[in-house]
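Here are some exercises to work through with the structure in view. Try each task before you read its solution.

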Amino acid sequence: MTVRIGIIGTGAIGRDHARRIEQVLAGGKIVALTDVNRESAEAVRADIAPDAEIFQTGEELIASPLVDAVLVTSWGASHEQYVLAAIAAGKPCFCEKPLATTADGARRIVDAEVAHGRRLVQVGFMRRYDAGYIALKEAVTSRTGAPIMVHAAHRNPTVPQHYLTPMAIHDTLIHEIDVFRWLLDDDYVSARVIFPRRAARSHGKLRDPQVVLLETAKGVVIDVEIFVNCHYGYDIQCEVVGEDGIARLPEPMAVQMRLNASLQNPILTDWKDRFIASYDVELQDFLKAAAQGTATGPTCWDGYVAAITSDACVTAQEREGEAVAITLPSRPALYS
């Protein structure tokens, strides 16, 4: 079966997913597009999906009988309304992070899907599909013993002037928040944030770098360095200290050179290059499930927990050094 896909939001990530579905993956076809900037949707149709119909609104696209399943890649604040509409229409929906911009909004999506009675939504936490993280999880689960500590870093070469301190949580750390729950099979109970001195390449409305300390229900302590103006490249690090050994996230494949009296490894500078293969795998997973009228992978519950944790981390930024409790409600049976 070929799943007929409608894409809401044809900016950079929406355009890339359209290319992926049309040119790389099997089992899907782009039949509908919409964007608040119609010219953007028209460009995707001209360049990638010539047979797609352009709709005025996301709601009209979701309601169309042409569309079997929906990709929500629009502005984050619009995600909730479109995901709720897709659930109401009974159509599988892939939603890029965030699921919603507030924990209350994410909870409304959880409640709607639970009321529907089966999974329809996959959230775009692509690191779970990265080969390096999958190998790390296997090592943590079966080789290095019960986890005790995690040391991690999320470094970007630079960010724009409109990137503010809370965005280090909602836009950057959000990936670690999800992948560590999956990696450790654990939930968070508290968060703290510590700020070292401001880096010279930061700007007036951004405190950079920062260190987030998370504690889990099983007693694991996680420290994450967020440094979004590190200058040298895009660098993701993760080391899990267990009872019997230590497991590290593999570096991206690169040619090592002995050149000009130095030992050299290139470092990536673009996050899309670092995780390009995982995007392919996650969307293929979505297409496979959507063909059966359902969804797999990261759930609405995962998106909701990420939103609760993110809110706690932002509060911890405001209360520098103070531990902020993270309290989760009971998990619905649909997500057990």
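**Exercise 1: two helices that cross**

The axes of helix H1 (residues 12-23) and helix H9 (residues 276-290) come within 11 Å and cross at roughly 65°. Task: work out which word describes how H1 is set relative to H9.

Solution. Step one: 65 to 115 degrees counts as roughly perpendicular, so H1 is roughly perpendicular to H9. Step two: check who touches whom, with contact meaning heavy atoms within 4.5 Å. From H1, Ile13, His17, Arg20 and Ile21 meet Ile276, Tyr279, Asp280, Glu282 and Leu283 of H9. Sorted by type, the residues of this contact are 5 nonpolar, 1 polar and 3 charged.

Before going on, note that this is a predicted model, where local features need pLDDT of at least 70 and side-chain atom pairs count only at pLDDT 80 or more, while totals for chains, interfaces and linings use all residues. Residues are numbered from 1 along each chain as its sequence is written, and side-chain values use heavy atoms, leaving out hydrogens and water.

**Exercise 2: a salt bridge**

Task: find what Asp68 pairs with in a salt bridge (a side-chain nitrogen of Lys or Arg within 4 Å of a carboxyl oxygen of Asp or Glu).

Solution. Step one: the partner is Arg4, with the closest N and O atoms 2.9 Å apart. Step two: Asp68 sits in the loop between helix H3 (58-63) and strand E4 (69-72) and Arg4 in strand E1 (residues 3-8), so the pair ties together parts 64 residues apart in sequence.

**Exercise 3: a network**

Task: which residues are linked with Arg181 in a network of salt bridges?

Solution. Arg128, Asp178, Asp187, Asp302 and Arg331 join Arg181 there. Arg181 and Asp187 meet at 2.7 Å, N to O.

Key. Axes fitted to C-alpha atoms, helices over the stretch in contact; angles between N-to-C directions. Helix = DSSP H or I, 4+ residues; strand = E, 2+ residues; numbered from the N terminus. Parallel < 35°, antiparallel > 145°, perpendicular 65-115°, else oblique. Nonpolar A, V, L, I, M, F, W, Y, C, P; charged D, E, K, R; others polar.
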